[in-house]
Amino acid sequence: MRLERSWIARSSVFALIVLVGIATTTPTAQGRVDCEGPCPIQVDASGRTGWTGWSTNWNDAAADGDGFWLAFNGGILRWTPDEGIVERVTAVEGLPHLIVFDIVMDGEGGFWLSGDAGISHRAADRSWTHHTVDWEPSPGNQTMLTGAAGTVWIKDSDGQVHRWTADAGWVSYA
């Protein structure tokens with residue numbers, strides 16, 4: 001599991017959340033969400049999405065108040081203790097990434113993610129901005145951080161650091 005930076009990985013509450021999630025959100029099997037390799041996510045006959053267990057296909061997690069977002073080989077999903085999986089975003093819903101490496105909250109109700117198709121931001125109003133960059137995001141977690149005033153920092157696969165701001169766009173540092 002690669003959740004080292006998050007309170008989730010260090011918390012006994014997380015173990016409880018995962019166990020409750022497995023017990024309460026396992027749907028009847030109608031089909032699996034497209035994932036690279038084994039996929040612990042299934043969709044039932046009513047279109048509800050649930051998970052069937054923890055997997056090494058979970059690449060990263062980010063807490064967002066009452067729940068958290070999980071990045072996986074296939075997209076992202078949001079899970080809350082009360083409702084289970086409440087949202088999924090994959091290529092079917094328009095996500096350009098087949099593999100999502102990293103996800104971080106932006107402090108303004110949205111989040112940033114990196115994946116095999118570049119960098120994406122979803123604002124609090126649920127609008128998306130996809131950034132095609134001329135460098136490859138690192139396929140590990142702990143490679144993205146958010147800062148003041150909507151700034152995001154990311155390390156690429158070559159170890160170079162890049163910063164995005166609304167004023168300047170992407171700036172690379174050697």
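**View 1. Burial across the whole protein chain.** A residue counts as buried when its relative accessible area is under 20%. By that cut-off, 49% of the 174 residues in the protein chain are buried in this predicted model. You can trace two helices and 15 strands along the protein chain. Take the contacts between residues at least 6 apart in sequence: 38% of them join residues at least 24 apart. Turning to the outside, the protein chain exposes about 8500 Å², and 52% of that comes from carbon and sulfur atoms.

**View 2. The loop that holds A123.** Here we zoom in on the stretch between β10 (118–122) and β11 (128–131), the loop where A123 sits. A123 has a relative accessible area of 21%. Because buried means under 20% and exposed means over 50%, A123 counts as partly exposed. Look for G109 in this view too: G109 and A123 are 14 residues apart in sequence, and their C-alpha atoms are 6.8 Å apart in space.

**View 3. A nonpolar patch on the surface.** Four residues to find here are L145, W153, V161 and Y173, which form a nonpolar patch. Together, L145, W153, V161 and Y173 have about 350 Å² of accessible area.

**View 4. Y173, a member of the patch, in its strand.** Staying with one of the patch residues, this close-up shows Y173 within strand β15, which covers residues 169–173. The relative accessibility of Y173 is 33%, so Y173 is classed as partly exposed. That value also fits the patch, because patch residues need over 30% relative accessible area.

Key
Residues numbered from 1 in each chain as written. Predicted model: local features only at pLDDT ≥ 70, side-chain atom pairs only at ≥ 80, totals over all residues. Heavy atoms only, no water. Helix = DSSP H or I, 4+ residues; strand = E, 2+ residues; numbered from the N terminus. Buried < 20%, exposed > 50% of the residue type's maximum accessible area, 1.4 Å probe, protein only. Contact = heavy atoms within 4.5 Å. Areas by Shrake-Rupley, 256 points an atom, 1.4 Å probe, with all protein chains shown as cover. Patch = residues over 30% accessible without salt bridge, like charges linked within 9 Å, V, L, I, M, F, W, Y side chains within 5 Å. Salt bridge = Lys/Arg side-chain N within 4 Å of Asp/Glu carboxyl O.
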